[in-house]
Amino acid sequence: MIISVASGKGGTGKTLVATSLARSLKDSNKVMLLDCDVEEPNDHVFIKPTIIGSEPVHIMVPAVAEDKCTYCGKCAEVCAYKAIAVLANHVLTFPQLCHGCGACSYLCPEKAISEEPREMGVVEWGHSDGVGFVHGILTVGEAMAPPVIRKVKEYANHDGLIIIDVPPGTSCPVVEAVKGSDFCLLVTEPTPFGLNDLALAVETVRELYIPCGVVLNRAGVGDAGVEEYCRKENIPILLTIPLDTEIARLYSRGIALVDGMPQWKSSFRQLFDSIKELVDERNRSIKR
Ligand code: SF4
Ligand code: SF4
């Protein structure tokens, strides 16, 4: 089973939930935690893995042999990302805009375009006290997270339970990280900002036909807007974590919630049981 842990906005407690879920289930399941928040991965701070391997991530970008080029402009025409421009007697490439789709080299009538690798980041893997671990690190200054996210997901071992810590927001990196999941947990807080970004995240996962449920973090502040929204949209609130100084203190010291307060383990196990029930129910209804 693949469970992704997402949130419409950053700072809602996504990492807290992903790391505590992994830690709570490792004794009863084969668990792997993938940190796909590659612009700012921080699960490693909480689960302190032993890193045993790494691999750079590349995308293939165009290299133009101008002695073969006729400056016909076809490559610039087909590039949806404006990563290649043709002037009167020169071809300019913008590697940081290139998505590595290969269309320009494929369609160049003169075969003047070859492809060369460009490093975007790195993937590292290891383990932590029975939890398999992979994370990606996007090179500072790079704009495109999806290639690094794809590479992190390639290292997933599909034998057991996979927990994916998804980047915040609702754009391409989120879609890349969430797609293929059996269930998406949306972590939010009970404030108008939390509600606004939760609604956007719900729209995104519904577009992907992935069932979702909510973890309400820092309950006790804000208002009842999130609960009303979930009721109206028929989205279950599967876990509520209160606003609590001790929880905040553990987080600021880089300690996973269930390591600092083991009494929370049973709540995270119940959360997993609820997810399993919802996924089973959905699978049954698809078969019918
Ligand atoms: S498509 Fe090929 S020949 Fe035409 S401008 Fe681009 S590189 Fe040159
Ligand atoms: S590989 Fe794709 S994205 Fe990159 S320059 Fe060529 S057409 Fe554009």
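At the heart of this description is a nine-stranded open sheet with mixed pairing, running in the order β3-β6-β7-β2-β8-β1-β9-β10-β11; helices (H or I, at least four residues) and strands (E, at least two) are DSSP runs numbered from the N terminus, and two strands pair if DSSP finds at least two bridges between them. The edges are β3 (50-64) and β11 (237-242), each of which pairs on one side only. From one strand to the next the twist averages 20 degrees. The model is a predicted one, in which local features need pLDDT of at least 70 and side-chain atom pairs count only at pLDDT 80 or more, while totals for chains, interfaces and linings use all residues; side-chain values use heavy atoms, with hydrogens and water left out. Residues are numbered from 1 along each chain as its sequence is written, with chains lettered from A and ligands numbered from 1 in the order in which they are written.

Within the sheet, β6 (residues 113-128) and β7 (residues 131-138) pair in the antiparallel sense over eight bridges. Val122 has Ile137 of β7 as its bridge partner.

Two helices sit against the strands. α8 lies across β9 (183-188), β10 (212-219) and β11, at about 165 degrees to β10; angles run from 0 to 180 degrees between N-to-C directions, and axes are lines fitted to C-alpha atoms, for helices over the stretch in contact. Helix α11 (residues 265-287) also packs on the sheet, touching β1 (2-6), β8 (161-165), β9, β10 and β11 (contact means heavy atoms within 4.5 Å), and its direction makes about 160 degrees with that of β11.

As for helix pairs, α7 (residues 192-207) packs on α8 (residues 225-233) at about 25 degrees, with 10 Å between the axes. That makes the two roughly parallel (angles under 35 degrees count as such, over 145 as roughly antiparallel, 65 to 115 as roughly perpendicular and the rest as oblique). Leu195, Leu198, Ala199, Val202 and Arg206 of α7 meet Gly225, Val226, Tyr229, Cys230 and Glu233 of α8. By class, this contact has seven nonpolar, one polar and two charged residues (Ala, Val, Leu, Ile, Met, Phe, Trp, Tyr, Cys and Pro count as nonpolar, Asp, Glu, Lys and Arg as charged, and the others, Gly among them, as polar).

Helix α1 (residues 14-25) packs on α11 at about 90 degrees, with the axes 9 Å apart, and the pair is therefore roughly perpendicular. Leu16, Val17, Ser20, Leu21, Ser24 and Leu25 of α1 touch Lys265, Phe268, Arg269, Leu271 and Phe272 of α11.

Turning to the ligands, 13 residues surround ligand 1 (a heavy atom within 4 Å), and Cys69, Cys72, Gly73, Cys75 and Cys108 come nearest. Residues around ligand 2 include Cys79, Cys98, Cys101 and Cys104; its shell has seven nonpolar, three polar and no charged residues.
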